[in-house]
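User: I would like to understand how the terms used for a protein model follow from its coordinates. May I put some questions to you about the structure below?

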Amino acid sequence: MKEFWKGNEAIAEAALRAGLEAYFGYPITPQTELLEYLAKHMPPQGRAFVQAESEVAAINMVYGAACAGARVMSSSSSPGVSLMQEGLSYIAGSEVPVVLVDIMRGGPGLGNIAPSQGDYFQLTKGGGHGDYHPIVLAPASVQEAVDLTYGAFDLAEKYRWIVIVAADGNIGQMMEPIELPPPRRVERRDRGWELTGAQGRPRRVITSIYLQPEALHQYNEHLQRKQREIEKHEVRYSEYLMEDAEYAIVAFGTSARVSQTAIKWARAKGIRVGLFRPISLYPFPYARVAAISQRVRAILVVEMNSGQMIEDVRLGALDRVPISFFGTMGGLVPLPDDVLPAIEKMVQ
Amino acid sequence: MLTEEMQVVFDYPDALTEETTHYCPGCTHGIIHRLVAETIDELGIREKTIGVAPVGCAVFIYNYFDTDFCEAAHGRAPAMATGIKRALPDRVVFTYQGDGDLAAIGTAEIIHAAARGENITVVFVNNAVYGMTSGQMAPTTLPGMKTTTTPTGRDVEIAGYPIRMCELLAQLSGASYIVRRSVHDPGNINRTKKALKTAFRAQLNQAGFSLVEILSSCPTNWGMSPRDALTFVKEKMIPYYPLGDYKVAEAVKTIAQ
């Protein structure tokens, strides 16, 4: 049965149902309902909840709980995620599984609290220092945010890696009818790396320091092999009216949803345009974009930023077709009326 | 003449590995490591202890302890320890931090861990200097003390005043045991050991946040012989950082006796 849920609360409930054991977070609009929902529901269920003194502390608490083998997550919004980048780099360098939800808002700086997709670079390109890319999943609806969050923990544990659910303030704040997945209780089991006390086994150490350049080079090669595995197996995308499309819009999250309406209107005008929507922003579906670029006449990229994902679209499409861009910044959500003229311009 | 059966009175702690430490000659980290290890042995908690290493000279502490260990980012050890303890409340969790780590970059994390009454133990080694980066001014560098970033001596007009962390943390309701000790001579080493044992026992008794600050020497970066460095601790550091018990909560008083 479908229920009417607000995005942030639905994501929180999905995490609880996925077996979330520990949460550490800090208030920031537009994600705060997520923190509040977990504050209400976790302690009575005997699960660990701490409101940290900062996002810096929150992500390091997450890091500690992950080292201890717990199913753990944090959530924040863009400026808070900037603060977490130090911790995320250490988490990547230590290979512990962590889930983070980013309800993106406008930047740079304090920016504002309106929906944005301006974190594409800081999420997909590593963000912190060193060579790593977290898995980044971008929902375009509350239902998809629920489903991606529910699956994020298994994915994080499968690769011992960071999984970020990258929604924008629009998805966090809006209400939609959704179906929630069944609650799961995850049994603690020793996976051979977590720190639980060296009882009846040799001690374990989790660290990201490799002082010898050769050793750090080798460790990075190991991480890169993991990234290639992720790129091979975890690419996700969705397509809308692409079968007969002569033109393609490439967009993710809320901008994809807005574009979908514009595409319907363009179709009514006889323009055969379809939507290609990356769900995994990392790993980016380069191969699929390449295939699309071989059969469409032009590509329009729509984003709620100044053009960040477009760089990856260009890497996939190369110079095979003209690529144009329509973007809104400052927390403005584009309307289909804004996207339609960009489609018409692409066709000319 | 022995009237009792002979006993072993001094041995290598089980909680230490056989690894040779990387510390400079005359550094007191080795003594403090041993005291922590003896404490872990005597409380029989080696198999349920998880340590959190700092950034600083003790960054490789996990090579020397035969317990589970993780390595925190600079200053973040109390946050990481919080995460571990909340995930595994029945384990013993301790951080080992220097003064740059704890009293500069990690000030927010240590204060809030104490304020929450986080049931962890902090071993705070104060040698008044950044050791690993070779001798810059620390938040605990004494007024007038020469470092590579205070080449003519710490001028409080420019660099401000050193922070007394025990006095600051003792104000917080969540703190259960906050004491300052020193390892400049055998008597003080024994008192430090006793304090460490009380701090770990406070955690085992769910009393809340415990911290032992230990005044320590850094002959290399102070430009002194090991002996002169210990004299400096006694004559210069202790007057600014008085030894003593800054907070002993009711729940800990019975343990301390």
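User: Which residue in S4(A) is the bridge partner of Tyr23(A)?

Analyst: In this predicted model, Tyr23(A) has Met73(A) as its bridge partner in S4(A).

User: What makes strand S2 and strand S4 of chain A a pair?

Analyst: A pair requires at least two bridges between the strands. Strand S2 (residues 22–25) and strand S4 (residues 72–76) of chain A are joined by two bridges, so the requirement is met. These two strands run parallel.

User: To which sheet do these strands belong, and what is its order?

Analyst: The order is S3-S2-S4-S5-S7-S6-S13 in chain A, an open sheet of seven strands with mixed pairing. Neighbouring strands of this sheet are turned by 20 degrees against each other on average, direction ignored.

User: Why are strand S3 and strand S13 of chain A said to stand at the edges?

Analyst: Strand S3 (48–51) and strand S13 (280–282) each have a single partner strand, so one side of each lacks a neighbour in the sheet.

User: Which strands does helix H2 of chain A touch?

Analyst: Helix H2 (residues 32–41) packs on the sheet and touches S2, S3, S4 and strand S5 (98–104) of chain A. The direction of helix H2 makes about 135 degrees with that of S3(A).

User: How is chain A divided into domains, and how many residues of each take part in the contact?

Analyst: Domain 1 covers 3–198 + 219–233, and domain 2 covers 237–347. The contact takes 27 residues from domain 1 of chain A and 21 residues from domain 2 of chain A. Residues count as in contact if their C-beta atoms lie within 7 Å.

Conventions:
Residues are numbered from 1 along each chain as its sequence is written. Chains are lettered from A and ligands numbered from 1 in the order in which they are written. This is a predicted model: local features need pLDDT of at least 70, side-chain atom pairs count only at pLDDT 80 or more; totals for chains, interfaces and linings use all residues. Domain bounds come from an automatic or database domain assignment. Two residues are in contact if their C-beta atoms, placed from the backbone, lie within 7 Å. Helices (H or I, at least four residues) and strands (E, at least two) are DSSP runs, numbered from the N terminus. Axes are lines fitted to C-alpha atoms, for helices over the stretch in contact, and angles run from 0 to 180 degrees between N-to-C directions.
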